[in-house]
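Me: Hi, could you walk me through this one? I'd like to talk about how the protein and the DNA meet.

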Protein chains: 2
Amino acid sequence: MSEEPVRGSASPTLEDVARVAGVSRATVSRVVNGVRNVDPEIQETVRRAVAVTGYVPNNAARSLVTRRVGSVALVVSGAGEEDEIGEDGFSTRHIFGDPFFGRVVGGIVDYLRPRGIHPVLMLADTGEARSQVLAFLRQGNADGALLVSTHGEDPLPRMLTEADQPAVLFARPARPLPISYVDCAHQDGGKLAADHLVARGCERVATIAGPLDVPASQDRLSGFQSAMARHGRPYVPVVEGNFTIGSGSRAMERLLVEHPDIDGVFAANDLMAQGAVLVLRESGHRVPDDVAVIGFDDSSAALSCRPQLTTIRQPVENMAAEMASLLLTALDQPDRRVTSVVFEPTLVVRQSA
Amino acid sequence: MSEEPVRGSASPTLEDVARVAGVSRATVSRVVNGVRNVDPEIQETVRRAVAVTGYVPNNAARSLVTRRVGSVALVVSGAGEEDEIGEDGFSTRHIFGDPFFGRVVGGIVDYLRPRGIHPVLMLADTGEARSQVLAFLRQGNADGALLVSTHGEDPLPRMLTEADQPAVLFARPARPLPISYVDCAHQDGGKLAADHLVARGCERVATIAGPLDVPASQDRLSGFQSAMARHGRPYVPVVEGNFTIGSGSRAMERLLVEHPDIDGVFAANDLMAQGAVLVLRESGHRVPDDVAVIGFDDSSAALSCRPQLTTIRQPVENMAAEMASLLLTALDQPDRRVTSVVFEPTLVVRQSA
DNA sequence: CTGAAAGCGCTAACAA
DNA sequence: TTGTTAGCGCTTTCAG
């Protein structure tokens, strides 16, 4: 008892602890920061003094000299441009409801948290917001940035490299840039989908692509097309969607009109696949018996869909963790070459195909 | 041109700007912080010097003296305990994929961003993590906390008040505590659901409640029950779920076994309602013709469900914004009474009831 | 209206 | 191994 630090008074400083322990500020600092070369007995004394005073280091003061704050920015770039979910006066941040994004955040938080680092959430969907992100970093509010872009022509990556800010992207930038990123072998994913549909015996296959200004969409499409070509199907109907359920439904409606005898569909993400399934069932097609559907991502949408979606799984949590890992490495070794890490997608067979 | 600040050199300080402008540090500081009492001409000179040097204030230095950092913690407490979505080596942060939580984040970000404040995302699902949150705040890494608890007996609110940390909760704490919060009139919501089902002509109504250690679940349930009682139905079968799709399905299965002739269901959130609908349809019941289903939240799940869910809408974004607003007010007026703001839910009629 | 000067709390040489 | 000292960059009295 009486370990209770005095309430009400201003929070104690190193100085206070030093006085109580009868040593110098420097020694307390060393103990607190776990620097060796401190007599074990004194260490103990200091630790006790820390407990008695209820001392907690002031991170602002620390950062001022170390030039590190111990937090990173998690930037969602290009979000909220179009939005199917109702307008309610807010520029609804659809992205935060996206199960895919949820996995990214989860992976990042899981990696960062044991290391005592926490992500600062930022949106960068306008020019102003992007400047805000840059200013934020320059003011030293975060040591670096993890960037998840939702569209191809995002100018933020370039801005970051030009400002010499440490950053790692989720997904390869549309134009080559000296910046680190993690990605998934989307073409291989497209191939997996094609092979599976063909192996299933599908004869009249079409695809619902993602927005084609996004490299990932292009890659999934091209990987799918070339694999189909290798199977002797040089032509595959393509409709472009925008990764939302609604766009998936609309795309499926169009495909059904133009190709009523379709028997296999590859959608570039699970949400669109879900939208496609809804339309198929409502128009009396059985899935997978009449039309097989395969998605991409393996997000929670794949599980909540009926039938559950066969899909191409991206190891999103691992990718996100790797992103964080790359950033921390870069922060520790400032003049290191940029790197990229590409993960392999896998086929997850469920009911829809 | 040549407005380009010198590259490579360490970032400029107030001192540098002062030298270029030919004034003192203090004056530059005043201009940068928009303090009046500065000669307009000098202001202009300083502004030019800022532009020339590419000056950006160092927030650590600033915080050291102002004792404010300009960021808040967004704490998700009690998350990730149980998780239906596959285990993949990660303690999957289910919460981030929850559309309800997505709306909360969106609302907070929307309110905070124009004010130049950004939330630091933290998870507090273990005792250690909770201490981490407290230490984080005490170290001055954030000025206060926005807390979203996912279960009733969360100890964090009390810890925060005892540590005198400014905080605002989403939802009333299970036990009374001198802490501000925003909430929704859940009982009224339950009543809206009951009235709608009765008005629809449902005769044999049951409910799938949320976890009963959460005040919100209790309130939705009691509001629903007492409204039903007022309609002459003193007894309503109740099955408890845990706010996930899967639990909604399981609950519906049980209800169907015990009460095969059921014709109306109120689920305490949309995800469970969605799970219930899946089971109903798979077992050959038409929704809403045979069984009417009504959810709660009006999350994106309500829209992606087929049929689309009739539901009780919580104005989550407004609630989240209000939460942020309350916190900022508290930060500006430290010795102000705690307050609570309670929002009214509304009935949104779609197809499921 | 402006400048000089005193710290905010901490780390990191450098001495001892 | 420990203590002394000099700042990190900024705000803010207090004089002028």
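**Chat about the DNA contacts**

Reply: Happy to! One contact to begin with: a polar side-chain atom of B:Arg25 is 3.2 Å from a base nitrogen of DNA strand C. Keep in mind that this is a predicted model.

Me: Nice. What does B:Arg30 reach on DNA strand C?

Reply: A base oxygen of DNA strand C, which lies 2.5 Å from a polar side-chain atom of B:Arg30. A base nitrogen of DNA strand C also sits 3.3 Å from A:Ala61, and there the protein atom is a polar backbone atom.

Me: Which elements give two or more residues to the surface near DNA strand C?

Reply: Both chains take part: α2 and α4 of chain A, along with α2 and α4 of chain B. The largest share, 5 residues, is from α4(A).

Me: And how many residues surround DNA strand C?

Reply: There are 28, and the closest are A:Leu14, A:Ser29, A:Tyr55, B:Arg30 and B:Ile42. By class, they split into 13 nonpolar, 8 polar and 7 charged.

Me: What share of the DNA strand C atoms within 4 Å of the protein is sugar or phosphate?

Reply: Sugar or phosphate makes up 67%, and bases make up the rest.

Me: OK, switching strands. Which residues are closest to DNA strand D?

Reply: A:Arg30, A:Ile42, A:Arg67, B:Leu14 and B:Tyr55, out of 29 residues that surround DNA strand D. For the DNA strand D atoms within 4 Å of the protein, sugar and phosphate account for 61%.

Me: What does B:Tyr55 do with a polar side-chain atom there?

Reply: That atom of B:Tyr55 lies 2.3 Å from a phosphate oxygen of DNA strand D. A:Asn37 has a side-chain N or O atom 2.9 Å from a phosphate oxygen of this strand. With B:Asn58, a polar backbone atom is 3.2 Å from a phosphate oxygen of DNA strand D.

Me: Which elements give two or more residues to this surface?

Reply: For DNA strand D they are α2 (25–32) and α4 (59–66) of chain A, plus α2 (25–32) and α4 (59–66) of chain B. Here α4(B) gives the largest share, 5 residues.

Me: How many of the residues near DNA strand D are charged?

Reply: 7 are charged, next to 14 nonpolar and 8 polar.

Me: Last topic: what feature does UniProt place at residues 12–66 of chain A?

Reply: The record, an unreviewed entry, gives "domain: HTH lacI-type" for that span. In the model, residues 12–66 of chain A are 69% helix and 0% strand, with the end C-alpha atoms 21 Å apart.

How values were computed: Residues are numbered from 1 along each chain as its sequence is written. Chains are lettered from A and ligands numbered from 1 in the order in which they are written. This is a predicted model: local features need pLDDT of at least 70, side-chain atom pairs count only at pLDDT 80 or more; totals for chains, interfaces and linings use all residues. Side-chain values use heavy atoms; hydrogens and water are left out. A residue is near a molecule or strand if one of its heavy atoms lies within 4 Å of it. A polar contact is a pair of N or O atoms within 3.5 Å; within protein, one must be able to donate a hydrogen and the other to accept it, and residues adjacent in sequence count only if both atoms are side-chain atoms. Helices (H or I, at least four residues) and strands (E, at least two) are DSSP runs, numbered from the N terminus. Ala, Val, Leu, Ile, Met, Phe, Trp, Tyr, Cys and Pro count as nonpolar, Asp, Glu, Lys and Arg as charged, and the others, Gly among them, as polar. UniProt positions are given in the numbering used here, feature names are shortened, and annotations may be inferred rather than shown by experiment.
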